[in-house]
Amino acid sequence: MTDNRQLTTICMVQLPDRIGRLEELAHDVSWSWTRDARKLFRTLDYPLWRQTAHNPVRMLKLIPPEPLQRVASDAAWLATYDRVMARLDDVRSARNTWCATEYGDLASRSIAYFSAEFALHQSLPIYAGGLGVLAGDHCKEASDLGVPLIGVGFMYPQGYFHQDVTTDGWQQEAYERLDWTDAPIEPALTPDGKPCVTAVPLGNRTVLAAVWRVRVGRVKLYLLDTDLEENAPWDRELSARLYGGDRETRVQQEIILGIGGVRVLKAMGCEPAVYHLNEGHAGFVVLQRIRDFCEKGWTFEAALDEVRRTTVFTTHTPVAAGHDAFPFALVETHLAGAWGDLGGYREKFLALGHHDNGGGPMFNMTALALRAAGAVNGVSQLHGEVTKQMWQSIWPGTPYEKLPVKAITNGVHVPTWMSSEIAALLETHLGADWLDRHDDPALCDRVLEIPDEELWAARQALRAFLFSFIRERARQRWTNEGASAPRIVAAGTMFDQFALTIGFARRMTGYKRPELIFSDPDRLARILNQPGRNVQILFAGKAHPADDVGKHHLQRIYKRALDPKFGGRIAFVDDYDLHVAHFLVQGCDVWMNNPLKPLEASGTSGMKAAINGTPHMSIGDGWWAEGFNGDNGWLIDAQADPNDPGAQDWADAQAMYTLLEQQLVPAFYDRDAHGIPRRWLRIVKQSIRTVLPRFAARRMVKDYVREMYAPAARQPATK
Ligand SMILES: *Cc1c(COP(=O)(O)O)cnc(C)c1O
């Protein structure tokens, strides 16, 4: 039965009429956070579901007719199908959403949300990491709350890279061309029914961008793609890869996103009330908008005022390299065709991006966005302050307390990241409507009522799923790719399913200090190998393709995984993406985070872990500076000479070892007569109780509506 089902076969199957809308469901990523919809696809053909990494679009392409016929006459399956379809219609049409109730004026308008990456599902690889996950979670929650968001981004035909690791531990990047019939995307049609194609002036030529549409429940996403036959070969490549090119490719991509994005919205008949720039990449939005006003006869100043009134900007990192800056000449070259009637104001526009970060004046995309947005926010309370200190010079003469920078702490989309096991417990003990009210702290207090036995059973099951995933992945590498024995060992095949498991999954980059835990290898080895109380650490994460320092971190971790001194209790899981992230944040026992403070703006993986009962052990940076309350996880808190970064590393590592030896290991391994770690579960419950309501995307999106969108959408009193 399976021999005609190689992953390369394409056999478009005719759906039985009774389940004819399955294709439509597969093309709305809201299926991915709807439990019953996931169940429909999983039970349709479980082996194929696993084989395609939970990609229903691809599943429906590969599936033979038999399972379709089977479910089309299975009463229980059909009942679920009908419920899911009714809900889908409801989601798309409902008027009684939170936004409609609380902010009726806003609900009938639209908010354009620009981002260079969106992480919605592993089947749509147009994200690299945290920024994309945040954007994806923002869109999903906006759909749940009825916030009228329209996302604008890129369809990168080659996406971000897949990570492969050599026997020697060196990262190899593999770019795969996405077959668009495998992804939940469709050509976007303009109001008159034609495929949307937009012309973007670039230098002295014009580049065409095709537009794809992604449905995210109530929210729509428009993705620009320059891979059109009409374009020159080098222009077709412009949107090929996320963060794959040089400075010149980057500035051109940003012009297409900003200027092309505004034009796409116009072509699609959208008139946003608010423009949200998620990070500075989309800063050129303001150029196109000022230009549009100038063409209607406005002065530059009046146009800028109006743009400012309706633009909000979120900045995401205190790391200087995270803020794109280009030489003025480069920007001028590529903007040559974009000025229109704005041409006479060229100097004024370029001045908006002026910033000198020590290496001479550059055109800085963050400076542009800061000067052109009426409301700016950092992504945690601490990062709000750090942003003010970092960018104070943008607002000369404004006292520090009056700087126009707010803080809205990030959050994670709960239905996306919460495991079914924990969700089932919440349903039983908090009530069937817990998800509708999950940002209510009083409701979440009832997590403390969950019986230890039930919670422990769920935690053990989640760890078991993680190990089954790791072993299956190693098996595939071994059988399909002929991976060497060391790679199979490094992949975690010797891990103990019942041992205390620490997770560390994040981009391999300097400030995240991926190797900090190895500062004193002998002390670490004693912690890992203590008989009967073993500890194991799972690493995952990609290094940026151009970051050799990051790749060396990864290589040394890989070598540690093969060092017998650590007893096979260190592992590296390759190709970290949304799919891997789900298993890791749900299945580990502790989530470790040790950045160099204050360089982690927020971090979100720790929130995903914490709501699943995987408590956070972290430096008091980013969200943890406000999230830690003394008993919902652990704070790595060490004093060291601030002028000696080496001293801080050593002190932080010592603090981690002490926490592990004195607190984590005893709490996890001290069991009562029934084998239950009572003390551990107290921390697990506090973790879920405190993090679920406050660090949910629900709280975050409500904050954005209240503090940023609603004020920006308000019409000025006199005009
Ligand atoms: C959540 C997530 C991130 C961001 O995590 P941080 O804690 O900000 O490092 C990155 N990549 C993937 C795949 C994720 O799921």
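## Close-up views of cavities, a sheet and two loops

**View 1. The largest cavity takes in about 150 Å³ of space.** This is a predicted model, where local features need pLDDT of at least 70 and side-chain atom pairs count only at pLDDT 80 or more, while totals for chains, interfaces and linings use all residues. Residues are numbered from 1 along each chain as its sequence is written, and side-chain values use heavy atoms, with hydrogens and water left out. A cavity here is a set of points on a 1 Å grid, over the protein atoms alone, where a 1.4 Å probe fits but cannot get out; lining residues have an atom within 4 Å of a point. Grid points are joined across faces, edges and corners, and the volume is the space filled by probe spheres set on those points. The structure has 3 cavities of 30 Å³ or more. For the largest one, look for Arg-477, Arg-487, Ala-491, Phe-572 and Asp-574, which sit nearest the centre among the 13 lining residues. Helix H21 (452-480), helix H22 (485-490) and S18 each put at least two residues into this lining, with H21 giving the most, 4 residues. Helices (H or I, at least four residues) and strands (E, at least two) are DSSP runs numbered from the N terminus. The lining splits into 9 nonpolar, no polar and 4 charged residues; Ala, Val, Leu, Ile, Met, Phe, Trp, Tyr, Cys and Pro count as nonpolar, Asp, Glu, Lys and Arg as charged, and the others, Gly among them, as polar.

**View 2. His-281 helps line the second largest cavity.** That cavity has a volume of about 60 Å³. Joining His-281 around it are Ala-116, Phe-154, Tyr-156, Leu-242, Tyr-243, Arg-250, Gln-253, Glu-254 and Leu-257. Helix H11 (residues 247-267) is the top contributor to the lining, with 4 residues. By class, that lining holds 6 nonpolar, 2 polar and 2 charged residues. His-281 itself comes from the loop between strand S9 (274-278) and helix H12 (285-295). His-281 counts as buried because its relative accessibility is 8% (buried is under 20% relative accessible area, exposed over 50%, partly exposed in between, with a 1.4 Å probe and protein chains only). Neighbours within four places in sequence aside, His-281 touches Ala-116, Leu-131, Tyr-243, Arg-250, Glu-254, Leu-257, Asp-324 and Met-365, where contact means heavy atoms within 4.5 Å.

**View 3. An open sheet of 6 parallel strands has helix H28 lying across several of them.** Reading across, the order is S18-S17-S16-S19-S20-S21. Strand S18 (570-573) and strand S21 (633-636) are the edges, each pairing on one side only. From one strand to the next, the twist averages 20 degrees. Within the sheet, strand S16 (residues 500-505) and strand S17 (residues 535-540) run parallel and are joined by 6 bridges; two strands pair if DSSP finds at least two bridges between them. Leu-500 is the residue opposite Val-535 in S17. Helix H28 (residues 645-669) lies across S16, S17, strand S19 (590-593), strand S20 (616-619) and S21, and runs at about 160 degrees to S21. Axes are lines fitted to C-alpha atoms, for helices over the stretch in contact, and angles run from 0 to 180 degrees between N-to-C directions.

**View 4. S3 and S4 make a hairpin with 5 residues between them.** Gly-169 in the turn has a positive phi of about 85 degrees. Strand S3 (residues 162-165) shows alternating side chains: Gln-163 and Val-165 go to one face and are buried, whereas His-162 and Asp-164 go to the other and are not. S3 runs antiparallel to strand S4 (residues 171-174), with 4 bridges joining the two. Asp-164 has Gln-172 as its bridge partner in S4.

**View 5. Gly-374 sits in the loop between helix H16 (365-372) and strand S14 (375-378).** With a relative accessible area of 46%, Gly-374 is partly exposed. Apart from neighbours within four places in sequence, Gly-374 is in contact with Arg-308 and Thr-311. Leu-304 lies 70 residues away from Gly-374 in sequence and 10 Å away in space, C-alpha to C-alpha.

Methods. 1 Å grid on protein atoms, 1.4 Å probe; cavity = no way out; pocket = protein on both sides within 12 Å on 5 of 7 lines; lining within 4 Å.
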